[in-house]
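Subject: The structure I promised you

Hi,

Here is the structure we talked about. Have a look around it yourself before you read on, and then compare your notes with mine.

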Amino acid sequence: MSAASPALSVDTLTTEIRSRGTWYQAVRAVSFQVHARETVALVGESGCGKSLTALSIMGLLPLGVGRIAGGAIALDGEAVSGRSDAQMEKIRGNRIGMVFQEPMTSLNPVLSVGFQIAEPLIYHRGLSRRAAEARAIELMHLVRIPSAAERVGAYPHQFSGGMRQRVMIALALACAPKVLIADEPTTALDVTIQAQVLALIAGLQKSADLAVLLITHNLGVVASVADRVLVMYGGDVVESAAVRDLFARPTHPYTSALLAAMPRADRSSAVIAPIPGQVPTLADMPAGCRFQSRCPLREERCAQRPSLTAIDAAGTHQVRCWVRGGASS
Amino acid sequence: MSAATTVGPARVSTWTRARGNPAIIAGSIICLILVIMALFAPWIAPYDPNKQMLGPQLADPSRAHWLGLDSFGRDVFSRIIWGARISLWVGVVATVMAMIAGSAIGIVAGYFGGAIDRVISGVTDILLSFPQLVMGLLLVAVLGASIGNIILAIAITAVPAFIRLARGSTLAMRERDFIDAGRALGFSDMRIMFAHVAPNILDEIIVMGSLWLATAIRTESTLAFIGLGVPPPTATWGGIIREGFEYLNDNYLLAVFPSLAILITMIGLNLIGDGLRDATDPRAPQ
Amino acid sequence: MLLFIAKRLLLAIPTLFGVLTLVFFLVRIVPGDPALVVLGDQASPAALDALRERLGLNKPVLVQYADYLTSIAHGDLGRSLTTNRPVMGDMLSVLPYTIELTLASLVIGLLGGVPLGVMAAVKRNGIADWLARIVSLIGLSFPAFVSGVLLLVLFAIQVRWFPVISAPRSGDALERLRALALPAINLGVIMIAYVTRVTRSGMLSALGEDYVRTARAKGVPARAVVWRHALRNVLIPVVTIVGLNLGVLIGNSVLTEIVFSRPGLGKIIVNALNTRDYATLQGMMVVFAFAIVVANVLTDLVYGLVDPRVKTA
Amino acid sequence: MSDAPLLAIDRLTKVFVTRRGFPIPRTVSVRAVDSVSLTLGRGEALGIVGESGCGKSTLARVALRLLPPDGGGVRLDGEDVLAASPARLRQLRVRMQIVFQDPASALDPRQRIGCSLAEPMRVHGIARGAAAITRVRALLDEVGLPATALDRFPHEFSGGQRQRIGIARALALGPDLIFADEPVSALDVSVQAQILALLADLKARRNLSFVFISHDLGVIRYFCQRAAVMYLGRVVETGPADALLDTPLHPYTDLLRRSSPVPDPAAAIAMQLQEGEPPSPINPPSGCHFHPRCPHATDHCRAVAPSLVEITPGRSVACHLHAPATHT
């Protein structure tokens with residue numbers, strides 16, 4: 001494909017998960033592209049399907065619990081969906097790296113960090129263990145772990161949370177993939193450490209032309225680091241926009257409600273507006289627009305599922321809403 | 001998977017899951033039969049277990065004597081049925097004693113910590129330093145083989161295991177905020193230990209109790225096999241095997257039948273214990 | 001390493017001391033006069049007095065206690081009441097048999113149990129899983145003497161593959177192995193049951209851990225994920241269970257030795273029980289308890305080798 | 001007595017002693033709360049902010065005497081809490097309660113909601129039987145739960161609903177003061193806002209005082225009139241919440257503020273400030289604990305710990321930059 005093809009492209013991905021013998025759609029026809037040097041954020045509350053989207057891309061859905069029911073995933077224009085697990089093993093850690101939320105539990109406690117960073121190089125690049133561990137020291141330098149050469153043989157429990165997350169980033173990027181998926185990479189960290197880790201990812205992204213898919217529940221993090229944002233609710237993308245557009249003109253009722261519910265550190269906010277109710281379980285999701293049960297603007301036509309339609313001339317700001325979604329009706 | 005838990009109301013009750021578990025059902029049927037055998041032994045057993053028949057000693061199974069006769073010409077089938085009484089009685093009483101005493105001590109140790117815990121844990125460590133079976137043998141040898149002493153000996157060997165379990169579970173419970181919430185609300189230590197901690201660790205104690213019941217019955221029969229059981233002529237499974245073992249070359253069936261009785265009992269109890277453990281295991285699929 | 005063992009043993013001294021004290025008083029709560037029990041009603045008063053004198057029973061209890069501790073510190077476990085031979089010597093002469101049997105069953109347990117447990121967990125409800133369930137149910141259900149008797153009936157009486165009496169008389173290696181086979185299988189199946197069960201449940205939880213997902217996200221092949229990433233973590237509980245089950249193993253080896261008429265500690269202890277030889281029983285208990293305390297110390301140390309968190313915390 | 005503070009914490013100290021190490025464990029001590037002094041007025045909410053391990057949760061537990069203190073004092077309405085007899089302590093506990101971070105762990109999983117709300121009333125002889133049930137219904141209504149919750153178990157509720165139950169239980173005895181330990185951190189944004197609004201409403205209606213612990217500056221700013229910033233067991237700055245966040249005085253407060261993300265692309269968080277890691281509380285840095293991460297650190301900071309000094313009325317800071325004259 002041409003040089004312009006996106007590093008990661010997800011097209012109408014639908015993922016189902018099983019509960020008590022029934023399969024429910026937990027990700028519904030989600031589409032987006034991530035280009036080199038670009039950060040796309042998937043944002044939403046727990047259970048919105050953002051992490052399942054990432055696991056679907058990686059081919060890491062838990063067997064028997066999750067499955068891809070439709071759609072296509074491509075890396076650099078090359079389709080990778082539908083491949084066997086053995087084929088995906090050659091892609092994971094090689095062409096896509098992934099960083100997880102809990103640096104405490106995501107590293108193997110009984111293997112040295114050096115070996116854990118070296119492992120992808122051993123499997124994907126055929127390096128000897130010795131050569132791979134030498135390279136691991138360089139990678140630890142790259143993620144700015146102090147005194148890397150001395151700490152290469154250390155174990156995860158000897159590192160602080162922030163340093164462990166740097167180890168995770170080092171092993172995710174060991175084989176120089178073009179795509180990095182970061183699933184809540186800083187949620188478990190203190191804010192000052194969060195700032196460091198986000199800065200590190202941004203720096204590495206520039207130097208390695210990385211395409212970053214950032215999954216987070218924190219709109220503040222999104223505002224700081226993302227280029228494009230997809231807001232998800234109940235498995236649907238409800239709003240998709242360039243980051244400035246989204247915060248300048250939050251359009252879907254869920255997006256604006258989320259912003260209004262967030263207490264802010266930078267200004268005195270005497271009032272916050274909670275969103276009533278709670279996210280329904282997948283079994284109880286309403287037909288049509290999934291936000292309707294909590295939406296102040298609910299109308300009769302919300303019983304039908306609205307489509308994601310553009311509300312600006314460039315077509316980059318899209319909203320899935322009958323009421324706010326421009327001329328879609 | 002965290003995503004999966006958002007699908008529906010989580011957590012089915014342990015006992016709801018336990019009811020549908022085929023292992024528990026199979027185990028319960030076996031145990032029910034045993035209990036009936038033990039309770040109604042005088043009516044079920046075709047002969048008096050101690051009556052010496054006029055037939056040949058060590059006779060093979062026949063129509064009149066389904067499992068044959070022993071070296072005194074006693075009906076083996078009747079003796080096995082009567083033996084169930086001893087096995088179950090000793091096993092249940094010893095286990096329940098150990099469960100109650102061990103759990104109470106363990107909860108106190110885990111809840112208070114500090115010096116109390118150090119003393120209790122120290123003594124528990126010492127008791128656990130003896131092989132359970134050998135300790136039981138020694139106790140019975142020292143105390144004398146009577147049914148009461150056998151029960152006491154088995155209970156003593158089981159207590160440290162329950163102390164350790166209850167202490168560990170209590171420590172895990174202490175990590176949870178509802179204990180501190182209770183203290184902040186001015187609840188007494190006794191109330192917190194026995195109204196809040198105990199019900200929450202009961203599942204684990206019952207699971208272990210069901211597995212220990214098997215161990216207790218096994219220990220009782222082992223004591224009898226070694227010659228430290230309830231004294232003859234009372235019929236016990238281990239005692240019949242002991243006798244059969246002496247005549248292994250003449251008629252090995254005498255040892256085989258009570259062995260099978262013990263085996264079936266063990267399988268029944270272990271099926272229940274395993275099933276309960278699976279049902280209480282949060283990792284198990286619903 | 002030796003220094004570590006020595007230091008850890010120092011920490012175990014209070015437990016050892018408690019063990020010795022408990023054994024001492026346990027043996028002394030025997031109802032009645034031990035001398036009378038040993039020699040019987042017909043014994044002459046002079047003989048009884050002589051025995052009391054020899055056992056030190058006419059001294060105050062605390063003095064007896066001090067003597068007992070002193071002699072144990074010198075490696076002296078006293079003399080048998082029936083044979084008057086040193087208990088230590090009797091035990092040392094048969095100890096190799098017991099150790100041989102215990103080690104053999106341990107090896108069978110680990111070699112059989114670990115792979116079975118791993119395979120059972122990897123494919124839940126697969127063939128290996130069912131096999132694992134059956135093996136652990138059987139292993140945990142059979143009292144060692146029952147399975148021993150059944151094995152004897154089956155393989156030594158019905159089919160004459162193995163000797164009924166497992167006391168090897170010749171030094172022939174093959175003969176020795178044939179004699180060891182049935183007892184070792186009898187004990188080994190029990191060990192397999194324990195190890196399989198711990199390995200299986202450990203693997204089930206390990207395979208759900210985040211670090212396994214990380215390994216898969218790195219593209220580590222499925223086999224390496226299971227055998228390197230997950231199993232390395234599961235070895236920790238396996239080590240514990242093997243260490244904690246030494247007591248069970250000892251108890252069962254006693255029974256196995258009796259059933260298979262094998263020389264070993266089992267035979268000594270049963271003889272002592274039947275002849276009310278409390279001096280030997282006391283010595284045996286001390287040795288068993290020491291063995292278990294030392295095993296616990298070793299388990300702690302193996303922990304340090306398997307789990308880096310312990311060593312470098 | 002009327003203008004005395006409701007709660008006065010005076011140089012409260014808590015040292016944790018643990019044994020760790022292999023093969024021979026050594027004794028390690030951590031000063032989790034290091035001579036902390038704070039006051040709280042009636043109907044006021046005081047925010048305690050800081051990162052994990054700074055001792056903010058321990059402070060609450062020691063003040064409630066859930067953990068034994070190692071020094072200092074706590075007074076509730078002038079009465080010494082730490083010296084109270086067991087019987088008196090039970091009475092004092094009627095007046096101060098705690099709400100926990102994880103509502104799943106804060107409720108006894110084996111107890112129906114009705115029971116767990118009625119139990120404190122029974123224990124303190126406030127109400128029993130039907131009277132207790134009536135009160136429980138009123139409580140449930142007050143925290144926005146239906147009366148049908150009475151007969152249900154904690155696991156049948158969502159996280160937000162469980163937190164409402166936790167709050168109802170804290171209110172069951174009618175306290176004056178509530179320690180809220182990260183009460184919304186485990187919740188999603190939309191639910192978090194519901195709980196914050198509920199707490200604000202209860203505070204106004206019942207004239208409750210709060211010690212409100214959080215790592216989230218936005219939450220602190222919304223809920224609290226005053227705030228105290230903690231770092232490695234010590235209070236480094238206190239003041240009115242708005243002023244403290246708009247013009248931080250302590251370099252650590254400044255770092256926290258600039259690291260906290262806000263939903264505005266024009267106000268991106270400052271990401272390249274510093275490489276420092278929070279030091280281990282087992283072996284804290286000498287002098288000012290913050291000096292290894294501080295851009296303004298001097299030799300003086302490395303040697304001498306600054307004390308908390310009032311700079312302007314109501315604002316105090318423990319930093320040599322702002323109190324050059326102090327040498328303690």
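Below is what I found, going from whole chains down to single residues.

Before anything else, keep in mind that this is a predicted model.

**Chain A as a whole**

Chain A mixes both kinds of secondary structure, with 10 helices and 12 strands. Is its overall size what you would guess for a globule? What radius of gyration does chain A have? The value is 20 Å, and a compact globule of 329 residues would come out near 20 Å, so the two agree. Along the principal axes, its C-alpha atoms fill a box of roughly 65 × 50 × 45 Å. Of the 329 residues in chain A, 59% are buried. If you take contacts between residues at least 6 apart in sequence, 63% of those in chain A join residues at least 24 apart. The area that chain A exposes is about 12,000 Å², with 51% of it supplied by carbon and sulfur atoms. As for charge, chain A carries 32 positive and 26 negative side chains, and the centres of these two sets lie 1 Å apart.

The domain assignment splits chain A in two. Domain 1 is pieced together from residues 1-85, 180-187, 209-281 and 306-329, while domain 2 covers 96-176. Their centres, taken over C-alpha atoms, are separated by 29 Å. Where the domains of chain A meet, 14 residues of domain 1 are in contact with 9 residues of domain 2.

One residue in chain A to click on is Arg37(A), in the loop between β2 (22-34) and β3 (39-43). Most residues other than glycine have a negative phi. Arg37(A) has a positive one, near 65°. With a relative accessible area of 48%, Arg37(A) is partly exposed.

**Chain C as a whole**

Now switch to chain C. How many helices and strands does chain C have? The count is 15 helices and 0 strands. The C-alpha atoms of chain C fill a box of roughly 85 × 55 × 35 Å along the principal axes. Buried residues account for 52% of its 313 residues. Among contacts in chain C between residues at least 6 apart in sequence, 72% link residues at least 24 apart.

Chain C exposes about 13,800 Å², and carbon and sulfur atoms supply 68% of that. Chain C has 28 positive and 17 negative charges, and the mean positions of the two groups are 13 Å apart.

Chain C is also divided into two domains, with domain 1 at 2-73 and domain 2 at 97-312. Between their C-alpha centres there are 33 Å. The contact between them takes 17 residues from domain 1 of chain C and 13 residues from domain 2 of chain C.

**Two residues in chain C**

Start with Gly139(C), which sits in helix α7 (residues 127-141). Is Gly139(C) buried or exposed? Its relative accessibility is 4%, so Gly139(C) counts as buried. Apart from neighbours within four places in sequence, Gly139(C) is in contact with Val189(C), Ile190(C) and Ala193(C). For a sense of scale, try picking Gly139(C) and Phe290(C): they are 151 residues apart along the chain, and their C-alpha atoms are separated by 27 Å.

Then go to Arg200(C), in helix α9 (residues 173-207). Why does Arg200(C) count as buried? Its relative accessible area is 15%, and the cut-off for buried is under 20%. Which residues does Arg200(C) touch, leaving out those up to four places away in sequence? They are Gly117(C), Ala120(C), Ala121(C), Arg124(C), Asp129(C) and Arg133(C).

**A covered helix in chain D**

Last stop is helix α10 of chain D, residues 251-259. Of its 9 residues, 7 are buried, so this helix is largely enclosed by the rest of the structure. The buried ones are Pro251(D), Tyr252(D), Thr253(D), Leu255(D), Leu256(D), Arg257(D) and Ser259(D).

What covers the buried residues of α10(D)? The cover includes a helix from another chain, α7 (191-208) of chain A. From chain D itself, it includes α8 (217-223), β9 (226-231), β10 (234-240) and α9 (241-246).

While you are there, find Leu232(D), in the loop between β9 and β10 of chain D. Like Arg37(A), Leu232(D) has a positive phi, and its value is near 45°. Leu232(D) counts as buried because its relative accessibility is 12%.

Happy to go through any of this together.

Cheers

Note on methods:
Residues are numbered from 1 along each chain as its sequence is written. Chains are lettered from A and ligands numbered from 1 in the order in which they are written. This is a predicted model: local features need pLDDT of at least 70, side-chain atom pairs count only at pLDDT 80 or more; totals for chains, interfaces and linings use all residues. Side-chain values use heavy atoms; hydrogens and water are left out. Helices (H or I, at least four residues) and strands (E, at least two) are DSSP runs, numbered from the N terminus. The radius of gyration is taken over C-alpha atoms; the globule rule is 2.2 Å times the number of residues to the power 0.38. Buried means under 20% relative accessible area, exposed over 50%, partly exposed in between (1.4 Å probe, protein chains only). Contact means heavy atoms within 4.5 Å. Accessible areas come from the Shrake-Rupley method with a 1.4 Å probe; for residues, only the protein chains shown count as cover. Lys and Arg count as positive and Asp and Glu as negative; His and the chain ends are not counted. The place of a charge is taken as NZ of Lys, CZ of Arg, CG of Asp or CD of Glu. Domain bounds come from an automatic or database domain assignment.
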